[in-house]
Amino acid sequence: DIPPYDTPETAARSLESAVNCAAAGDVICVASSPEPYAVSASGLEKRGVSYEGSADRSVKLEISGAKAITLASESDRTVTFSGFTVVNGGGAACALDVDSSASSDVLAVSNCLFTGIANAVQFNTPSDNEVLIADCEFVNVTNTFSSSGGIVLVAQPTSLRMVRTSFRDCSFSFSTEVRVPEGSALAPVVIGATGSAVTAVDCSFRGITVTGAYLSSTVISAERPVRNVISTFDRCSFLDCSGRHGFCRLASDVTQDYGNTLTLRNCLLESMRSAVPTTPGSATAQFFFFANGLTLENCTLVDCRAAGNVVLPGSNIGSVNLRNTIIKDMLNVEGTAAIPLCVAAYRPAASAIEKTLVSTAKPADEQTPATWYPDGNGNYTDAERGVVGKLVFKATEPNPLALAHESFGRGLGDASIWGPADVDLVGNLRLSKKGTVDLGCYEYLKLKLGLIISVH
């Protein structure tokens, strides 16, 4: 165990030895081992050092400290952490603490599996740094919190981008089922800093459960009173999640504009639930989305539930923009009645709901009109193009919620928001050869015929 550990034959016998010897710009290459590498409770930290495991994630790190590995950048360097399976060795609160005091840096976490760890990745970076999470999985994370908590915790202004990353079968709960104090939040992605920007592309959130949380949401939440958060999800799926709120809370008060915006493009939200609370001091969700500005473009929302309404803007000067979107079976918590898009008391002044289909009958207190509601026979009518039809999904794998060939909504979307290279949830081109766009997160893919050979 003698430095400089620069060949496989002279490799360090422990991560601590390698880190102590490394200098900024070095990459610590960790070989596969039958036993996991134990990371001491005191953690590992060396500014400007990257960590590389294996492409198959066979290198396992077992962590137990409050802050296991600090991924710290140095000016004008890209620092990476890639190719690991990170497991909880007992009491682990944070697997990666991404910290930087330098500017114009890139910190990348890629091809990793995190399991059983609260606050698996915590970001403490200035806003002029870029943080990337790519091709990672967060699986079977189960934790109980007394304040804020999540898998990805944005603690400082951060430009965070997640690509091809999944969150699956994770559950969170506060230690007591009461209304948590201001400055708390609970969700897979928690934003605790004003001015943060979070972007997710081609990501999935499945089986997320949040209980006992007054200010939490199932996917993304901002601590109070965080402001000017910009969140964008493109080609993401949200399936079988449940919690205090149906999907998102990014605003703190219905009467103030905190400048927090949420944009969903080409996204699928299916079987999202808001649980009926049974403990005094808790409250039923009053909305599915809560943000100062909400934009849905070519999204599909199916079989989702909340107690109050679909959208509750964070102030009456907020905005709700829905376009090319399908909203089917948005019901109350009990699943017995449709819920309105927006309630009259908080109807935003700046709203644009266009080319949007709502499958249930128009509720009496609906204040924000959608483009299409069904008639008594379940038919939708586009008077502009003279099209009448029913909403029909393919109901076959791999994309059962794609529109069937005969469905209303094919080619009726607003094509002006998409370019020739834009794609839908599964990578099909948005614009058809005729320049039309379908409603919802999937574009109808007409099979191309090749050579036809007849045999007599």
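Which residue in strand 35 is the bridge partner of Cys 304? In this predicted model, that partner is Met 330, and the close-up views below begin with the strands concerned.

**Figure 1. Strand 35 pairs with strand 32 and with strand 37.** Strand 32 (residues 300-305) runs parallel to strand 35 (residues 326-331), and five bridges connect the two. The bridge between Cys 304 and Met 330 belongs to this view. Strand 35 is also paired with strand 37 in the parallel sense, here over two bridges. In strand 37, Val 358 is the bridge partner of Ile 327.

**Figure 2. The largest cavity is lined in part by strand 35.** This cavity has a volume of about 40 Å³; a search of the whole structure yields two cavities of 30 Å³ or more. The lining consists of Val 310, Ile 327, Asp 329, Met 330, Ala 338, Ile 339, Leu 341, Val 358, Ser 359 and Thr 360. With three residues, strand 35 makes the greatest contribution to the lining. Seven of the lining residues are nonpolar, two are polar and one is charged. The bridge partners Ile 327 and Val 358 both appear in this lining.

**Figure 3. Lys 328 and Asp 329 form a salt bridge.** The closest N and O atoms of the pair are 3.6 Å apart. Lys 328 is partly exposed, at 25% relative accessibility, and Asp 329 is likewise partly exposed, at 27%. Asp 329 is also one of the residues that line the largest cavity.

**Figure 4. A salt bridge joins Asp 414 to Arg 323.** The N to O distance between the two side chains is 3.3 Å. Distant parts of the chain are linked by this pair: Arg 323 belongs to strand 34 (residues 319-323), whereas Asp 414 lies in the segment after strand 39 (387-389), and 91 residues separate them. Asp 414 counts as buried because its relative accessibility is 17%. Arg 323, with a relative accessible area of 22%, is partly exposed.

**Figure 5. The salt bridge of Glu 384 and Lys 355 connects two loops.** The side chains meet at 3.8 Å, N to O. Lys 355 is in the loop between strand 36 (350-354) and strand 37 (357-358), and Glu 384 is in the loop between strand 38 (380-382) and strand 39, so the salt bridge ties together parts of the chain that are 29 residues apart in sequence. Glu 384 is exposed, with a relative accessible area of 67%, whereas Lys 355 is buried, with 18%. Elsewhere, salt bridges with shared partners join Arg 57, Glu 137 and Arg 168 into one network. The whole structure contains twelve salt bridges.

**Figure 6. The second largest pocket has 20 lining residues.** The space in this pocket amounts to about 550 Å³. Closest to its centre are Tyr 5, Ala 11, Ala 12, Ile 28 and Cys 29. Helix 1 (15-21) and strand 1 (27-29) are the elements that each give two or more residues to the lining. By class, the lining comprises 15 nonpolar, two polar and three charged residues.

**Figure 7. The second largest cavity has a lining of eight nonpolar residues.** About 30 Å³ of space lies within this cavity. Leu 15, Val 30, Leu 44, Tyr 51, Leu 61, Ile 69, Phe 81 and Phe 84 form the lining, which has no polar and no charged residues.

Key
Residues are numbered from 1 along each chain as its sequence is written. This is a predicted model: local features need pLDDT of at least 70, side-chain atom pairs count only at pLDDT 80 or more; totals for chains, interfaces and linings use all residues. Side-chain values use heavy atoms; hydrogens and water are left out. A salt bridge is a side-chain nitrogen of Lys or Arg within 4 Å of a carboxyl oxygen of Asp or Glu. Helices (H or I, at least four residues) and strands (E, at least two) are DSSP runs, numbered from the N terminus. Buried means under 20% relative accessible area, exposed over 50%, partly exposed in between (1.4 Å probe, protein chains only). Two strands pair if DSSP finds at least two bridges between them. On a 1 Å grid over the protein atoms alone, a cavity is a set of points where a 1.4 Å probe fits but cannot get out, and a pocket is an open set with protein on both sides within 12 Å along at least five of seven lines; lining residues have an atom within 4 Å of a point. Grid points are joined across faces, edges and corners, and a volume is the space filled by probe spheres set on the points. Ala, Val, Leu, Ile, Met, Phe, Trp, Tyr, Cys and Pro count as nonpolar, Asp, Glu, Lys and Arg as charged, and the others, Gly among them, as polar.
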